[in-house]
Amino acid sequence: MMTFYFFEFIDIFLIELLLKTTDPSGIAPNFLKKNGCFCIFKWPYPSVSTEPKLQKTFFPFPQPSYSAAPAVETPNVSFRSKNPSDINILVVGSTGYIGRFVATELVKRGFSVIAIARERSGIRGSNSKEDTLQQLSGANVCFSDVTELSSLEKSVESLGVPIDVVVSCLASRNGGVKDSWKIDYEATKNSLVVGRKFGAAHFVLLSAICVQKPLLEFQRAKLKFEGDLMKEAEDDKGFTYSIVRPTAFFKSLAGQVELVKDGKPYVMFGDGKLCACKPISEEDLASFISDCVLSEDKINQVLPIGGPGKALTPLEQGEMLFKLAGKEAKFIKVPIQIMDFAIGFLDLLVKVFPSLEDAAEFGKIGRYYAAESMLVWDPEKGEYDAENTPSYGKDTLEEFFKRVLREGMAGQELGEQMIF
């Protein structure tokens with residue numbers, strides 16, 4: 001999932017060199033190198049309209065052709081009037097971090113869940129088919145490839161049942177340029193096309209709150225699909241959608257728990273107050289997404305959602321961690337400008353070495369999340385609005401930190417996505 005993440009870079013000697021050049025003390029580069037992480041940023045940002053027009057969204061690759069799904073006859077009785085056990089829900093991205101919890105929650109609520117899964121899932125394909133079947137117990141697991149339209153269509157057709165609702169939890173694994181468009185747009189569009197072909201009347205999309213200010217490829221890809229989904233509903237009044245835009249996830253804020261537990265400094269950018277978020281737990285988010293299946297007040301709505309409590313800055317998160325760990329608070333304040341030169345230099349290198357485009361994109365992602373809050377954006381005031389960012393659920397970041405300090409990060413592995 002791509003909300004509030006920094007990305008891990010291994011063996012990028014160029015970044016280390018640049019850090020040493022801009023920080024002669026060696027404190028920041030040595031600390032970052034020791035912990036296997038580099039974060040690079042770009043400044044200044046291009047100006048972006050706070051009300052992006054979807055039709056002008058940049059699409060860098062040849063747009064895939066999708067065969068139009070045959071017109072689906074709108075049933076006389078809405079699926080919402082059925083018993084949950086009679087409602088067939090196709091879940092794509094079911095083996096992802098949030099997707100697992102969503103599939104499990106839907107099963108608990110008694111829905112008939114069809115979970116589309118890769119044959120090798122999990123971090124770097126660590127889970128086998130048997131592992132997936134165990135994780136998604138209670139769901140009808142269908143192994144298929146969402147990136148191949150024909151493959152997905154054949155797999156769903158072989159089930160021999162109509163689809164009422166599609167729930168998409170698909171997200172790029174790393175935020176790279178090509179992967180973002182392949183997963184956040186193309187694969188998600190495949191699930192819409194196939195779902196519609198087999199009768200789906202509602203689509204629940206897990207998006208991200210950061211698409212409000214689209215400066216990154218994965219944001220543009222998500223936003224483009226949101227536009228396609230809205231148009232589908234405009235063209236067919238019998239079809240509806242719910243777009244869920246969550247804030248930060250708990251696990252994306254847990255990358256420094258072990259460091260603090262070991263008495264090491266907490267790393268933050270600037271004064272630690274550049275951004276804030278209202279993080280939400282995976283269970284609470286899964287519950288909210290599941291609510292969107294039947295709740296009529298969520299029909300054809302874009303739904304930003306955060307967890308309970310006030311918005312927290314990185315400084316406040318660090319102070320909370322030190323207090324819970326019983327350690328003296330120690331911070332490393334990394335000037336955000338240190339990374340600006342590095343990513344600017346990488347942008348120049350990309351022109352000569354195109355293979356570095358993902359490295360440059362990762363830097364932009366890091367820069368974005370170091371400075372942008374995961375809260376509702378108020379276009380009139382030109383600022384983030386914590387008060388108007390909806391809260392949901394009961395799980396707090398403090399309780400999550402307590403549990404991780406006590407039990408470790410089992411089940412919360414960051415994989416290809418890493419935050420300091």
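Which helix joins β5 and β6 in a right-handed β-α-β unit? In this predicted model, that helix is α7, which spans residues 217–235. The points below begin with strand β5 and its neighbours and then turn to helix α5.

**Strand β5 and its surroundings**
- Strand β5 covers residues 202–206, and because five of its five residues are buried, the strand is largely enclosed by the rest of the structure.
- Both of its faces are covered, with His-202, Val-204 and Leu-206 buried on one side and Phe-203 and Leu-205 buried on the other.

**Pairing with β4 and β6**
- Strand β4, made of residues 165–168, pairs with β5 in the parallel sense over four bridges, and among the partners His-202 of β5 is matched with Val-165.
- Strand β6, made of residues 240–246, also runs parallel to β5 and is joined to it by five bridges, with Phe-203 having Tyr-241 as its bridge partner in β6.
- A right-handed β-α-β unit is also formed by β4, helix α6 (residues 177–197) and β5.

**Helix α5**
- In helix α5, which runs over residues 149–159, the buried residues are Leu-149, Leu-152, Glu-153, Ser-155 and Val-156.
- These residues lie on the same side of α5, because they cover an arc of only 165° around the axis.
- In an α-helix there are 3.6 residues a turn, so residues three or four places apart point the same way.
- Lys-154 and Ser-158, by contrast, are exposed on the other side of α5.
- The cover over the buried residues of α5 includes β1 (88–92), β2 (112–117), β3 (140–143) and α6.
- Just after α5, Gly-160 adopts a positive phi of about 70°.

Conventions: Residues numbered from 1 in each chain as written. Predicted model: local features only at pLDDT ≥ 70, side-chain atom pairs only at ≥ 80, totals over all residues. Heavy atoms only, no water. Buried < 20%, exposed > 50% of the residue type's maximum accessible area, 1.4 Å probe, protein only. Helix = DSSP H or I, 4+ residues; strand = E, 2+ residues; numbered from the N terminus. Pairing = 2+ DSSP bridges. Right-handed = clockwise from strand over helix to strand, strands pointing away. Arc of directions from axis to C-beta. Contact = heavy atoms within 4.5 Å.
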